[in-house]
Amino acid sequence: GQKVFSAGTRHAEGLELMWGAHVSYAVRAARECYLLPPNTDLLSATLAKLGAISFHGLRMARVVPGEQVAVIGLGPIGQLAARFYTIAGCQVVAVDRLSSRVEVARRAGVNAQVAPGALRETVLPHFPKGVDVVVDSTGAARVLDEAVGLLREGPWGTDLPTSARFIVQGSYPSHITLHYQKAFLRET
């Protein structure tokens, strides 16, 4: 009868579970469940996993305050990522093609822009030399090469504290490919 959070189930005949799948009933070990306060709204609690994904990306990027970040795609994971990077003190521009998603991010205090065309046209006016981190949460493989092109190119032969980082937080339907030279020149 206790309210808990867990990610998916261990048993779902015929389903490829990845991170849990959508199921009505889940079977998990008690150690894989997190006790929630009794007054927790269960609908709100369902965002915990999406928040964990966004926060994991922030941790993996190892950002420092002041770094420039582009968040591409403002579905739930992108929305949360844009907020986390903003709270971490980064200079953020978040983009999506849907104005409704951009408005949600803006209401949360995120610098969000509609990207009607090329990402470069939307992001580079804010960061002309490119960004330190790109977070792709679109799940659209066709966006990846363009997104990598938003990263800054550092001067060769220097000891930069960190290289440009590309954080993949979208789920893609199949194989993805990246333009090698774009990633290589940015030491991604």
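In this predicted model, Val-71 has Ala-94 of β4 as its bridge partner. One place further on, Ile-72 sits opposite Val-95, again in β4. These pairs belong to the ladder between β3 (residues 68-72) and β4, a parallel pairing built from five bridges. On its other ladder, β3 is joined to β6 by four bridges, and these two strands also run parallel. Here Val-69 is the residue to look for, standing opposite Val-133 of β6. Not much of β3 is left uncovered: four of its five residues are buried.

Moving over to β4, the picture is much alike. Five of the six residues in this strand (residues 91-96) are buried, so the rest of the structure largely encloses β4. Besides its pairing with β3, β4 is linked to β5 (residues 112-114) through three bridges, and β4 and β5 run parallel. Val-95 is a handy landmark: Gln-113 of β5 stands opposite this residue, and so does Ile-72, the residue already met at the end of β3. As for the side chains, those in a regular strand alternate between the two faces of the sheet.

How do the parallel strands connect? From β4 the chain goes through helix α4 (residues 99-107) to reach β5, in a right-handed β-α-β crossover. A right-handed β-α-β unit is also formed by β3, helix α3 (residues 76-87) and β4. Zooming out, the protein chain holds seven helices and seven strands, which come along the sequence in the pattern β-β-α-α-β-α-β-α-β-α-β-α-β-α.

The helix inside the β3-to-β4 unit, α3, deserves a closer look. With twelve residues at 1.5 Å each, α3 should span 16 Å, and the 17 Å between its end C-alpha atoms agrees with that. Its buried residues are Ile-77, Gly-78, Gln-79, Ala-81, Ala-82 and Tyr-85. They have plenty of partners, packing against α2 (48-61), β3, β4, α4, β6 (133-136) and β7 (165-168). After the helix comes Gly-89, with a positive phi near 90°.

One of those partners, α2, has 14 residues and stretches 20 Å from first to last C-alpha, close to the expected 20 Å at 1.5 Å a residue. Gly-51, Ser-54, Gly-57, Leu-58 and Ala-61 are the buried residues of this helix. They take up an arc of only 120° around the axis, which means that they lie on the same side of α2. The spacing fits a simple rule: an α-helix makes a turn every 3.6 residues, so residues three or four places apart point the same way. The buried residues of α2 pack against α3, β6 and β7.

What follows α2, and what is the sign of its phi? The residue is Arg-62, and its phi is positive. The value is near 50°, and this is a residue other than glycine. Most residues other than glycine have a negative phi. Arg-62 belongs to the loop between α2 and β3. Is Arg-62 buried or exposed? Its relative accessible area is 67%, over the 50% cut-off, so Arg-62 counts as exposed.

Another arginine, Arg-186, gives a contrasting case. This residue is found in the segment after α7 (180-185). Its relative accessible area is 11%, under the 20% cut-off, so Arg-186 counts as buried. The side chain of Arg-186 reaches back to the backbone oxygen of Lys-182, at 3.0 Å. Leaving aside residues up to four places away in sequence, Arg-186 touches Val-148, Gly-149, Leu-151, Arg-152, Glu-153 and Ala-164.

Finally, some figures for the chain as a whole. Of the 188 residues in the protein chain, 39% are buried. Among contacts with a separation of 6 or more, 61% are between residues 24 or more positions apart. Along the principal axes, the C-alpha atoms fill a box of roughly 60 × 35 × 35 Å.

Terms used
Residues are numbered from 1 along each chain as its sequence is written. This is a predicted model: local features need pLDDT of at least 70, side-chain atom pairs count only at pLDDT 80 or more; totals for chains, interfaces and linings use all residues. Side-chain values use heavy atoms; hydrogens and water are left out. Buried means under 20% relative accessible area, exposed over 50%, partly exposed in between (1.4 Å probe, protein chains only). A polar contact is a pair of N or O atoms within 3.5 Å; within protein, one must be able to donate a hydrogen and the other to accept it, and residues adjacent in sequence count only if both atoms are side-chain atoms. Contact means heavy atoms within 4.5 Å. Two strands pair if DSSP finds at least two bridges between them. A crossover is right-handed if, with the strands pointing away from the viewer, the path from the first strand over the helix to the second runs clockwise. The expected span of a helix is 1.5 Å times one less than its number of residues. The arc is that of the directions from the helix axis to the C-beta atoms.
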